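Let's walk through this model together, with the sequence and the coordinates side by side. Please keep your viewer open as you read.

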Amino acid sequence: FITHKQYSANMNAMIRQLPRLSAASNKLSRCAFASRSVHIEKKIEELGIELPAAPAPKANYNITCRVPDENTLYVSGHLPITADGTLITGALNPEGGGLTVEEGYDAARHCGLNIIATLKNHLGDLDKVEQVIKVFGIVNSSTDFKHQHLVMDGCSDVIMEVFDKPVGYHARSAIGVNTLPLDASVEVEAIVKIKS
């Protein structure tokens, strides 16, 4: 047993420790926050990549949808919007005066950057991406254009630049269509596994 006097002394000693404990806790919290995205976001900075603002849906749908208990994130189709908000438009049709493969590649790259921006916005931390499972690319192109796969390398390449193997190494499909919403040149959707 302890006396009332001893109990009071112990309580006063504990109370005096509270500011120090609180400071230590805040320091740990700051360290934890500082470690957020330290790897991927630092790599993006080192690569000189500028992420655009995370896009909003263009109609009545959610930009992402997470499957409960599976840690799978379905990412809606993203358009080639540049950092200044410009939408890259027009069909891939080099022979008919349309966009070239190189211009389509650049458009697909912007789709990839927008997907990465959405992941950052949704997860708060790009290090939470465990695996980019698949990307599906849709290329606005004429019927005689046969290089949709080369256009889609623009998206795949930037995902690999940012996440590297094995996280960024994904399955992929690329198809051509005769039009896309808002006359966008490319649209890309993705399936991503996120860490628990």
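Helices and strands here are DSSP runs numbered from the N terminus, with H or I over at least four residues making a helix and E over at least two making a strand. By that reading, Leu182 falls in the loop between S4 and strand S5 (186-194). The model is a predicted one, where local features need pLDDT of at least 70 and side-chain atom pairs count only at pLDDT 80 or more, while totals for chains, interfaces and linings use all residues. Residues are numbered from 1 along each chain as its sequence is written, and side-chain values use heavy atoms, with hydrogens and water left out.

Let's start with the overall layout. The protein chain contains four helices and five strands, and along the sequence these elements come in the order α-α-β-β-α-β-α-β-β. To speak of burial, we use relative accessible area with a 1.4 Å probe on protein chains only: under 20% is buried, over 50% is exposed, and anything in between is partly exposed. The chain has 196 residues, and 37% of them count as buried.

Back to Leu182, whose backbone deserves a look. Its phi is positive, about 65°, although the residue is not a glycine. Leu182 also counts as exposed, because its relative accessibility is 56%. Further along, Val192 is part of strand S5, and there the setting is buried, at 1% relative accessibility. Val192 and Val129 are 63 residues apart in sequence, yet their C-alpha atoms are 7.2 Å apart in space.

Now step back to the loop between helix H4 (148-163) and strand S4 (171-177), where you will find Pro166. The peptide bond leading from Lys165 into Pro166 is cis, with omega near -5°. Pro166 is exposed, since its relative accessible area is 59%. Measuring C-alpha to C-alpha in your viewer, you should find Pro166 and Val132 8.8 Å apart, with their positions 34 residues apart in sequence. The loop between H4 and S4 also holds Asp164. Asp164 has a phi near 60°, a positive value in a residue other than glycine, and it counts as partly exposed at 38% relative accessibility.

Lys165 brings a side-chain contact as well. A charge is said to sit over a ring if NZ of Lys or CZ of Arg is within 6 Å of the ring centre and within 35 degrees of the ring normal. The charged end of Lys165 sits over the ring of Tyr169 in this way, 4.5 Å from the ring centre.

What about the cysteines? A disulfide is a covalent bond between the sulfur atoms of two cysteines. In the model it is counted as a pair of cysteine sulfur atoms within 2.5 Å, and the structure holds zero of them. Take Cys111: the closest cysteine sulfur belongs to Cys155 and is 6.6 Å away, so the two are too far apart for a bond. Cys111 is buried, at 0% relative accessibility, whereas Cys65 is partly exposed at 49%.

Next to Cys111 in the numbering comes Gly112, which lies in helix H3 (residues 101-123). Gly112 is buried too, with a relative accessibility of 0%. Its C-alpha is 9.5 Å from that of Met152, and the two residues are 40 apart in sequence.

Finally, let's turn to empty space. Rolling a probe the size of a water molecule over the atoms shows where such space is left. A pocket is an open set of points on a 1 Å grid over the protein atoms alone, where a 1.4 Å probe fits, with protein on both sides within 12 Å along at least five of seven lines; lining residues have an atom within 4 Å of a point. Grid points are joined across faces, edges and corners, and a volume is the space filled by probe spheres set on the points. The largest pocket has about 160 Å³ of space. Its lining has 14 residues, with Lys58, Tyr61, Gly77, Leu79 and Glu187 nearest the centre. Strand S2 (residues 72-78) gives the most to this lining, with three residues.
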